Amino acid sequence: MNSRTPSTRDSLPALSIALGLAVGVFILDAMTPLGMAPQMLYAVVLLVSVWTYNRRIVKLLAWLCTALTAAGLIFASGTQYETAIFNRVVSLSLIWLTAVLALLYMRSEERLRQVNLNLEQLVSERTAALIQAVEQRERLGRDLHDDILQLLYAAGLNLKAAVPPVTRCPPDVAGQIRHTMGELELAMQRLREYIAGPRIPAGGEPPVGVALANLVQNMAVSDRPRFSLNLQPGLSAVSLPRAQTEHVMHIVREALSNCARHSRATQGLVTVQRDNGVLQIEINDDGIGFDPDDARRDGHGLANMSARVEEMGGILSIASSPGQGTRIMVRVPCAEEVRP
Ligand SMILES: Nc1ncnc2c1ncn2[C@@H]1O[C@H](COP(=O)(O)OP(=O)(O)OP(=O)(O)O)[C@@H](O)[C@H]1O
Ligand SMILES: [Mg+2]
């Protein structure tokens, strides 16, 4: 649908036809004996005038047709004046009825055109915003690749260069270095995946229990805090939609990372269970605790956690106070698919 506002130029063809028709009807009327009613054809003039897209022109033409209807009475021949006057009153009613209908039609068409214009504007604004978001993501991807990824490569190379002395160092230190190199490789892989954009993995999503077990194992780098996973039986066969699995993994990773970095805990326990279509994930530690209301200002981790839970339509609660350890509880709707 073309929602361009019609110009005066667009009015000209219809106006010429309407005026030509008006003159034709007038000549016909003047040549027809009184008592006959060819002036009713002026209604056609008004119908044609709709395509001038100009309500003022329609009104002017209605007045012109009124004047010509009256003038026709003088020019037409014959003697049936009463019948002629009656016919012309009926014709004038028809002319004005047509004019009013034409004006109403034009007004609703104008409104439609305006609605369409607004819609087109909205669509173009949204498209521009989308393009901007895509461009920003591409820029971010480039920066991540050229900056952070290169720093991680360099850190990995430095660690690799340290390998010969590692053979002489205690096995637990060598193990830690190997583990750190593995983590670095994982971080680089994640970054590359992010830069490449979302893709569905070839074998489908791994079950949430398996993914969480891998995560907890990967994050358990030292004895303090010792991380463990308590998974409800059967959950290791449950697959969630990709976006939900990603949210859950990021939340648990952040909670464990906070536990390792801030809590001075000896234990960090992740408990996962599903009940009545709700997935419940709890991360407990026996560390120094903190005041959640104060802490939200310090970093991004807790805020991201809360945004992810909100996006899944779930509930996040953090129970912690200084000296009392920390309990993070996430409850999210779980429209899971159970694999045999
Ligand atoms: N398990 C925990 N035990 C003790 N303190 C915690 C724990 N989790 C979070 N905190 C406190 O809450 C603060 C905010 O955590 P948040 O994850 O939002 O930010 P961060 O870890 O400091 O930085 P970022 O996550 O952005 O790298 C932390 O700085 C810490 O003081
Ligand atoms: Mg954090």
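Reader: Which residue has a polar side-chain atom 3.0 Å from a nitrogen atom of ligand 1?
Author: The model is predicted. A polar contact is a pair of N or O atoms within 3.5 Å. In this contact the ligand 1 partner is a nitrogen atom, and the 3.0 Å distance runs to a polar side-chain atom of Asp 285.

Reader: How far from an oxygen atom of ligand 1 is the backbone N or O atom of His 300?
Author: Here the protein side of the pair is a backbone atom of His 300, and the ligand 1 side is an oxygen atom. The distance between the two is 2.7 Å.

Reader: Which residue has a polar backbone atom 2.9 Å from an oxygen atom of ligand 1?
Author: This pair again joins a backbone atom to an oxygen atom of ligand 1, at 2.9 Å. The residue is Leu 302.

Reader: What percentage of the accessible area of ligand 1 does the protein cover?
Author: On its own, ligand 1 has 600 Å² of accessible area. The part of this covered by the protein is 82%.

Reader: Which helix supplies the largest share of the shell around ligand 1?
Author: The shell holds 15 residues, and among those that come nearest are Glu 254, Asn 258 and His 262. Helix H8 (242-263) and helix H10 (301-311) each supply at least two residues. The largest share, five residues, comes from H8.

Reader: How many residues of the shell around ligand 1 are charged?
Author: Sorted by class, the shell has three nonpolar and eight polar residues. The charged residues number four.

Reader: Where does ligand 1 sit, and what is the volume there?
Author: Ligand 1 sits in the second largest pocket. The volume of that pocket is about 400 Å³.

Reader: Which element gives the most to the lining of the second largest pocket?
Author: There are 22 lining residues, and those closest to the pocket centre include Phe 290 and Ala 295. H8, strand S4 (278-285), H10 and strand S6 (326-333) each supply at least two residues of the lining. With seven residues, the element that gives the most is H8.

Technical notes
Residues numbered from 1 in each chain as written. Chains lettered and ligands numbered in written order. Predicted model: local features only at pLDDT ≥ 70, side-chain atom pairs only at ≥ 80, totals over all residues. Heavy atoms only, no water. Near = heavy atom within 4 Å. Polar contact = N/O pair within 3.5 Å; in protein donor to acceptor, adjacent residues only side chain to side chain. Areas by Shrake-Rupley, 256 points an atom, 1.4 Å probe, with all protein chains shown as cover. 1 Å grid on protein atoms, 1.4 Å probe; cavity = no way out; pocket = protein on both sides within 12 Å on 5 of 7 lines; lining within 4 Å. Sits in = over half its atoms within 2 Å of the grid points. Helix = DSSP H or I, 4+ residues; strand = E, 2+ residues; numbered from the N terminus. Nonpolar A, V, L, I, M, F, W, Y, C, P; charged D, E, K, R; others polar. Points joined across faces, edges and corners; volume = space filled by probe spheres on them.
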